[in-house]
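I opened this structure to look up a few contacts for a reader who is new to it. My entries follow in the order I made them.

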There are 4 protein chains.
Amino acid sequence: MGQPQQPDGAAGDKPPLRIGMVGYAFMGAAHSQGWRTVGRVFDLPLRPVLAAICGRDGAAVRAAADRHGWAAAETDWRALVARDDVDLVDICTPGDSHAEIALAALAAGKHVLCEKPLANSVAEAEEMTRAAEEAQKRGQLAMVGFNYRRVPATALARRMIAEGRLGTLRHVRVAYLQDWLVDPQFPLTWRLRKEAAGSGSLGDLGAHIIDLAQYLAGEPLAGVSALTETFVRERPLPAGATSGLSGASTAGTGRVTVDDAALFTGRFVSGALASFEATRYATGRKNSLRIELNGERGSLAFDLERLNELHYHDGTEPGAHAGFRRILVTEPDHPYLDAWWPPGHGLGYEHTFVHQARDLVHAVAEGTRPEPSFADGLQVQRVLAAVEESAEKNSVYTPVA
Amino acid sequence: MGQPQQPDGAAGDKPPLRIGMVGYAFMGAAHSQGWRTVGRVFDLPLRPVLAAICGRDGAAVRAAADRHGWAAAETDWRALVARDDVDLVDICTPGDSHAEIALAALAAGKHVLCEKPLANSVAEAEEMTRAAEEAQKRGQLAMVGFNYRRVPATALARRMIAEGRLGTLRHVRVAYLQDWLVDPQFPLTWRLRKEAAGSGSLGDLGAHIIDLAQYLAGEPLAGVSALTETFVRERPLPAGATSGLSGASTAGTGRVTVDDAALFTGRFVSGALASFEATRYATGRKNSLRIELNGERGSLAFDLERLNELHYHDGTEPGAHAGFRRILVTEPDHPYLDAWWPPGHGLGYEHTFVHQARDLVHAVAEGTRPEPSFADGLQVQRVLAAVEESAEKNSVYTPVA
Amino acid sequence: MGQPQQPDGAAGDKPPLRIGMVGYAFMGAAHSQGWRTVGRVFDLPLRPVLAAICGRDGAAVRAAADRHGWAAAETDWRALVARDDVDLVDICTPGDSHAEIALAALAAGKHVLCEKPLANSVAEAEEMTRAAEEAQKRGQLAMVGFNYRRVPATALARRMIAEGRLGTLRHVRVAYLQDWLVDPQFPLTWRLRKEAAGSGSLGDLGAHIIDLAQYLAGEPLAGVSALTETFVRERPLPAGATSGLSGASTAGTGRVTVDDAALFTGRFVSGALASFEATRYATGRKNSLRIELNGERGSLAFDLERLNELHYHDGTEPGAHAGFRRILVTEPDHPYLDAWWPPGHGLGYEHTFVHQARDLVHAVAEGTRPEPSFADGLQVQRVLAAVEESAEKNSVYTPVA
Amino acid sequence: MGQPQQPDGAAGDKPPLRIGMVGYAFMGAAHSQGWRTVGRVFDLPLRPVLAAICGRDGAAVRAAADRHGWAAAETDWRALVARDDVDLVDICTPGDSHAEIALAALAAGKHVLCEKPLANSVAEAEEMTRAAEEAQKRGQLAMVGFNYRRVPATALARRMIAEGRLGTLRHVRVAYLQDWLVDPQFPLTWRLRKEAAGSGSLGDLGAHIIDLAQYLAGEPLAGVSALTETFVRERPLPAGATSGLSGASTAGTGRVTVDDAALFTGRFVSGALASFEATRYATGRKNSLRIELNGERGSLAFDLERLNELHYHDGTEPGAHAGFRRILVTEPDHPYLDAWWPPGHGLGYEHTFVHQARDLVHAVAEGTRPEPSFADGLQVQRVLAAVEESAEKNSVYTPVA
């Protein structure tokens, strides 16, 4: 560090892919880890370079650059987007700035990776998707950061479903349960203010599970019926700068303007039924994203709190020996695993960002459309909008536009 | 058997409680096991006597009487209800006959235990509840058979919630998942015909989880938003007599007139949110009634497939040592357990019927109102009706009457 | 109760099998439940009759007879053995009286069911086995009560192993973990005195797991290397009559003369390796009998605390989809399950005694040798003796005689 | 990469700790990941620099240097040890070369991190420990790479035990189960030859669990009684270069000269009993290192296949609410976790090497003796020797020297 970390040689001969990242909080740290590690583990056609990082606070962003290994630091995202030595802009800011930055980056000829949710409104997401489609024609790629598609276990689930192992899908039940708002004294961080976060559990956790459910099912949601709730409507104001997820508080209070929890049922276009729940009030559940899919031929179940495992029931087996099996997703023929450790040596949360980087690097090198695309992000946004509309309209069943 | 099974003595001196049971299929067998066993395990104020059993097929009901230990057999429920040697009528028939039998039994001066759901309509349930209220004044008791309140783990959960261990309730999520209809060739038994069963998954499984959720929460549901679905609308006709749950089929087909699955969200009167799912299409889930409750101070979780376990998270503990603990509900100070085996020697499904019998015998002896009462059954019926109404009205949020 | 419990009829036409039981504590209650229930659930060739029960305390045994449904009570086991109306003597006393009672019962022409361990010494067990072999020639059967062979999940495991699903066996690891002696103030009941109990954890828990391991493996242990320990050597004397598993204590103390824990490794005759542990000091483990078998083609795992489940890994499957599957052993084609409840409606500990009764009734009716036979009990006794010998001889590997 | 990865600045001002690593296979890749990542996540007093890597095959080691980010490559470990720009030698070779390299590195004034097992014999380990003690006086540190001490869950377990939460220890049961040798056609890699690997499951897996058990118990083993076995004695020869854990094979066969499995029981110096099992034949168990400790006041259990979880039973709680709780070891006040992700976002296997690097960097900067020291490694070696001696002497109980 502070030194060249590799001799001249093979990797040095690969063309670089120079990354410029906007934002350096939780997601920034995770993406940095992904970009730094990916070339050490996977054989890549391009060589990712951590070119520049951007944040509004000069001292903080320089410290982040130093900490995370970025060569340069910027305090204005427009300057970052304008840099000649940046090929790809990685957007890790809150949702209210995604559209503006992504549109500028695409206009500047950059590839874009944008954190989820794609935007804070359908209109923004539509504009971004249109811009991404145009950019694609120019060879620029745009991807949205639904990293939970890249847990090896969920990627395996998708592969198994695509192979037909579930048959006709009947049920998808999904919950994303956290508990960091249970304490009514937790302060009013940006994640609890609509103008910054767009929505609460819905946009943060709900966006993840909507995307994951549609990805695994291999089809979009057709309509939803929703309830949302804000349990604690007044919270202490945060004292000074905070991350979204923690922070000290002051004596004053402010109004929570996002949902604390969102529940909705729905139908996929094939007629399969879906149940969704996103909450930050599930005491004792720290990061429990649970998804189960039941089809005519089999079932799959996953829980992010045990991310190296996928549970599979093969409904075509004789009943006497059938049961949900725990697949430890650490075998060389599991997705992404040939590059990692021997069987049974599990991966962690952060590796989803390594895998995201791997797939994006391949897409850029090969000119293929990355998944999830901005169009996928827009589809999630439309579901989120339908959820909000249904919740406002007394839960009436609301088609996804 | 066929011989007196105990010498004259203490138990013989207790006043008898003479049971007459209508129905002898799955529920009849389970109730028989409960009545036969309860006095062998618990110290009871009354001595249950299996006086008479009733079914329409004379040979079959005599065989059932013989198998299950009933002293007499009847083929007309009116005759059973009229017997002088019957103190309590135990109704184990499909839901379409509950009201008529229960009303007649109450009119005949009998105590009544009625299987769930209480009735096939709110109107019937209201009439039954009124009759039960009147009967209560005459010292006759009426109870509805929501046996899952009497799993030791759910009874412990209720006790812990009543002690305040969860604090303000935020979330209740419940699913009752079975898979016996996944095969489209499963025949059209009475459970799939609306005129006999009233409804499908909703009335069968949904009734259980509505009651259990309201019982554990200690409060009623205020309103619901629902989706229901019939995935397979045409099924082979059954060949000859079948139980509801199995049977051979013939060449002809008939129309399924009940729901295959029902999903609904809702609000409890306190504002806690609820999520419900009842289905017979969850491949690989055999009898998975899962309930989780999250409160400001703690959480509880239960799965009927592991019925000797209750999972508890104490949210007031220091985070470093907190976690969901698996309480093996087999300790002497757990509900019902002082009468059973040493710690760790688990009970089974059927013991819920022993416990139900125990509690009802005590209520009769002591003249106390049994729980769940017909009023509790009516409340479930009202939720079921609200679910059906919401499902018919495009999932609009529908208050429970 | 106190009344005939069934009308004359089919069951009444079956020949009776009249049981006389010695002992009425924990095992007596469990066996009573088995005998009372078996004919209500299974189609049997004989009709079990609870003829007489025996215990030394007249009032207590009469209360037990009344409670558990026995027609007569005796205070001298010799009188019970001599009764003309007893066909089968069921021995539920501590191990020090097994040999005497069993030998007398066989001499009196009775069938015998003897609780485990078969005896307190190899010599006793040998004599009992010789007597049982002679009796078998006269048509009298003798069975030892290793009831854990009759958990549906262990019976399924045996069936799968017999089918060759594990292939060449490599490892058997077994532990039986309880914790009721952790408290040093727990009193010195009969289970802690060598003269009554023979040994401690070893004879009580160890006997169970030795039998189960040999039964599942389908082969005997060839030799063992053992450690035993008594952690708490002095305990308060019990106050008055106690069961073995609980009781109040007095001011005085006495010496614990049995082992608190026994650990041993061993080899099966095929060369498979085995690891055994039996203890009453595993804090938090209430009745955790865990067994795992690893073979060249697959593995099986079971835990008595979740007795309706068997975990199976099919080693011949492609690695990408392989994993330990949880078989919920409640399907109609699982052992014993066709007579019980629908799938997913689990059984409990006590049902092992119903199944034991079922198999013994069939063996008596059909004249087949019951399993486990006294010879099986003797083999367990020989392993126990080898364990004790090895423990005394500095853990040296000791062949099973 | 191939570019400086950070700007001049804070990190650049920290003194460097220049690492030279010998070996670049599985352990080399894992250590590289640790060294590369540690300064990005933790605040360190020194700045680790990946100075040079060494391996015998020039092209391969240059590729490894490039892949893993090492500045220079060497083909002779003596040259690496002699480099002026190396402060710490990290030994990731098979056990037969540990002693020679470590002694040379210490003699050359370097700090040393040596993979486990410390050596292939007690004599070597003693010499290494003596050298390390001398070096410690000169300010050079020596640490052995028992990385499983640095899983956050095991580190938490150690902290809880040190706090007295288990009280007097009664039982430690440990197994390390893998299955990569089940197939008799798996080739004879270096891990199966005694001259390279020293021993088989025992030295590889057994060393890990001996160290972990002694570390958690906080005391050494006093003696052991052991069985070892080689199930498959003849295996195909590997074709060309292989890693230890995989590879193609040729037509010829060779003799397996190490154990396939090792079982032993033992006593800790306090009198607690221990049970150990190490095997590569546990079909379906990929990397299942399971440890459970039972004490008078509580119990702890861990399984490496679910490495983010620690199970804890608090024996001092009222029985009605007690149970093994699953602590999700991802809270900020859990060991190492304050530097990582929010609660519930789990870590993986590789992070143990990051934590190992973190602790070693601190030890070097602060001049404190690192743990586990070479003396700890020697203690493990002595247990391994006692196990081998006992296995050779018919399992007789053998004191640890």
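**Entry 1: two helices in chain C**

I began with helix H9 (residues 201-217) of chain C and helix H11 (residues 374-392) of chain C, whose axes come within 9 Å and cross at roughly 120°. I kept in mind that this is a predicted model. An angle between 115 and 145 degrees falls outside the parallel, antiparallel and perpendicular classes, so I noted H9(C) and H11(C) as oblique to each other. I then looked up the hand, and H9(C) passes H11(C) in a right-handed crossing.

Next I listed who meets whom. From H9(C) come Leu202(C), Gly203(C), Gly206(C), Ala207(C), Ile210(C), Asp211(C) and Gln214(C). They meet Asp376(C), Gln379(C), Val380(C), Val383(C), Leu384(C) and Val387(C) in H11(C). I sorted the residues of this contact by class and found seven nonpolar, four polar and two charged.

**Entry 2: two helices in chain D**

I turned to helix H5 (residues 98-107) and helix H6 (residues 122-137) of chain D. Their axes come within 10 Å and cross at roughly 15°. Angles under 35 degrees count as roughly parallel, and H5(D) and H6(D) are therefore roughly parallel to each other. I recorded their crossing as left-handed.

On the H5(D) side I wrote down Ala99(D), Ala102(D), Leu103(D) and Leu106(D). In H6(D) they meet Glu124(D), Glu127(D), Met128(D), Ala131(D), Ala132(D) and Ala135(D). By class, I have eight nonpolar, no polar and two charged residues in this contact.

**Entry 3: where chain B touches chain D**

How many residues does each chain bring to the contact of chain B with chain D? I found 14 residues from chain B and 14 residues from chain D. On the chain B side, strand S16 (residues 324-328) gives the most, with five residues. I divided that side into six nonpolar, four polar and four charged residues.

I followed S16(B) across to the other chain. It pairs with strand S16 (residues 324-328) of chain D in the antiparallel sense, over three bridges. Which residue of S16(D) does Arg325(B) stand opposite? I found Arg325(D) there.

**Entry 4: a sheet in chain B**

I stayed with chain B and traced an open sheet of six strands. I read their order as S3-S2-S1-S4-S5-S6, with parallel pairing. Strand S3 (72-74) and strand S6 (142-145) of chain B stand at the edges. Each has a single partner strand, so one side of each is left without a neighbour in the sheet. I also looked up the twist: neighbouring strands of this sheet are turned by 25° against each other on average, direction ignored.

I then checked one pair in detail. Strand S5 (residues 111-115) of chain B and S6(B) pair in the parallel sense over four bridges. For Val112(B), I noted Ala142(B) in S6(B) as the bridge partner.

**Entry 5: the two domains of chain A**

I closed with chain A, which is divided into domain 1 (13-148) and domain 2 (149-399). I have their C-alpha centres 22 Å apart. In their contact, 42 residues of domain 1 of chain A touch 47 residues of domain 2 of chain A.

I asked which elements give two or more residues to the domain 1 side. They are helix H2 (26-41), strand S5 (111-115), helix H6 (122-137) and strand S6 (142-145) of chain A. H2(A) gives the most, with nine residues. By class, I noted 27 nonpolar, 12 polar and three charged residues on this side of domain 1 of chain A.

Definitions and conventions
Residues numbered from 1 in each chain as written. Chains lettered and ligands numbered in written order. Predicted model: local features only at pLDDT ≥ 70, side-chain atom pairs only at ≥ 80, totals over all residues. Axes fitted to C-alpha atoms, helices over the stretch in contact; angles between N-to-C directions. Parallel < 35°, antiparallel > 145°, perpendicular 65-115°, else oblique. Left-handed = near helix turned anticlockwise from the far one by under 90°. Contact = placed C-beta atoms within 7 Å. Nonpolar A, V, L, I, M, F, W, Y, C, P; charged D, E, K, R; others polar. Pairing = 2+ DSSP bridges. Domains from an automatic or database assignment.
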